[in-house]
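User: I've got a model open and want to check the labels people put on its contacts. Can we go through the reasoning?
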2 protein chains.
Amino acid sequence: MSVDRASHPGHTPSEETLEQAREMLRAYMARKGLRSTDQRRVIVDTFLASADHVSIEELLTRVRSHDPRVGYATVYRTLKLLTECGVANERQFGDGLTRFELADESSHHDHLICTACNGITEFEDERVESIQDEIAARYGFRLRSHKHELYGICQTCQARK
Amino acid sequence: MSVDRASHPGHTPSEETLEQAREMLRAYMARKGLRSTDQRRVIVDTFLASADHVSIEELLTRVRSHDPRVGYATVYRTLKLLTECGVANERQFGDGLTRFELADESSHHDHLICTACNGITEFEDERVESIQDEIAARYGFRLRSHKHELYGICQTCQARK
DNA sequence: CTCATTGCAAATAATTTGCATGTAA
DNA sequence: TTACATGCAAATTATTTGCAATGAG
């Protein structure tokens, strides 16, 4: 399972993006009367420092390298929190695992998925972005996120056959 | 020009489309030495007669109204077969259920999903279709299927709030 | 006859939840 | 002090699988 980011160098979220994400979370927690704990801080920091498409499994491993006593239920609960407040988006690519992305990032790229090797390649196309806004407007939808995934066989797997 | 299919909810696949699907299945089964059984016939017929986005649950209910002794494992196995031979596509809209669509149909429309009421609206836009082909070509992908989903709040739910 | 297929129940796998204990505020 | 949060294990949910019996070719 490989992620091709070569086509979009400098793809790491900017400090500004991260600060915006933290602010959304802070506001949501304040509004709901939620508390800031060591676990939430570690999980959020780890998530924000991770590449896209992290699974709960991967995240838990990385979180435990900082604090081994974090339970997996807490990771699930915190990622659900991040999703609710709009910082993260859930994705299912068909391999049975739920993955998470920074919401801001997922609005800037989409995915090509190889059904042979499960490899994920990112792509970006502004034309599609604007068409999406147009379609949402046509139906009176307030757009929150989107998924655009192309499934097929990648060049490498075609050659290997 | 884009075609709004959501305003044609009574849409059904043409006889030709259905015949093509049956032929793909027949060819696949012949090639793999698979057998035609009562259960498979009922399940396939029911699937082809169903609206898009059927879940296993819904399908099983409809199948059992024809033949009450069909087991749910058989429905799973048959839908997997339909997916393998290219007749059906699996989809996950985030409500925890896997849904299935006729592959031909899913290449002609995409989805707007309301995260408040879980309502699914279909849309179609030819521009996106051709951009997808272009992107796949750019990465050397042999395209098999795609998912394009816009998540947000529908007009009705916005008003209700 | 042979071997694919089926139904059932048990097994998996991912995620959620109940609850006693811990801890921000 | 007062809820919210956590860890753990048990519960849930969707899907898969083992296996003996059945049935297609």
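Analyst: Sure. Start with what a class label rests on: Ala, Val, Leu, Ile, Met, Phe, Trp, Tyr, Cys and Pro count as nonpolar, Asp, Glu, Lys and Arg as charged, and the others as polar. With that, the surface near DNA strand C splits into 8 nonpolar, 7 polar and 6 charged residues. Keep in mind that this is a predicted model.

User: What makes B:Arg40 a polar contact of DNA strand C?
Analyst: The cut-off is 3.5 Å between N or O atoms. An N or O atom in the B:Arg40 side chain sits 2.3 Å from a phosphate oxygen of the strand, so the pair qualifies.

User: And why does A:Arg35 count as a polar contact with a base of DNA strand C?
Analyst: A polar side-chain atom of A:Arg35 is 3.2 Å from a base nitrogen of DNA strand C. That is within 3.5 Å, so A:Arg35 counts too. For B:Arg35, a polar backbone atom lies 2.8 Å from a phosphate oxygen of that strand.

User: How much of the DNA strand C side within 4 Å of the protein is sugar or phosphate?
Analyst: Sugar or phosphate makes up 68% of those atoms, and bases the rest.

User: How do you know how many salt bridges link domain 1 and domain 2 of chain A?
Analyst: The rule wants a Lys or Arg side-chain nitrogen within 4 Å of an Asp or Glu carboxyl oxygen. Across that interface it finds 0. There are 4 residue pairs in polar contact between the two domains, though.

Notes:
Residues numbered from 1 in each chain as written. Chains lettered and ligands numbered in written order. Predicted model: local features only at pLDDT ≥ 70, side-chain atom pairs only at ≥ 80, totals over all residues. Heavy atoms only, no water. Polar contact = N/O pair within 3.5 Å; in protein donor to acceptor, adjacent residues only side chain to side chain. Near = heavy atom within 4 Å.
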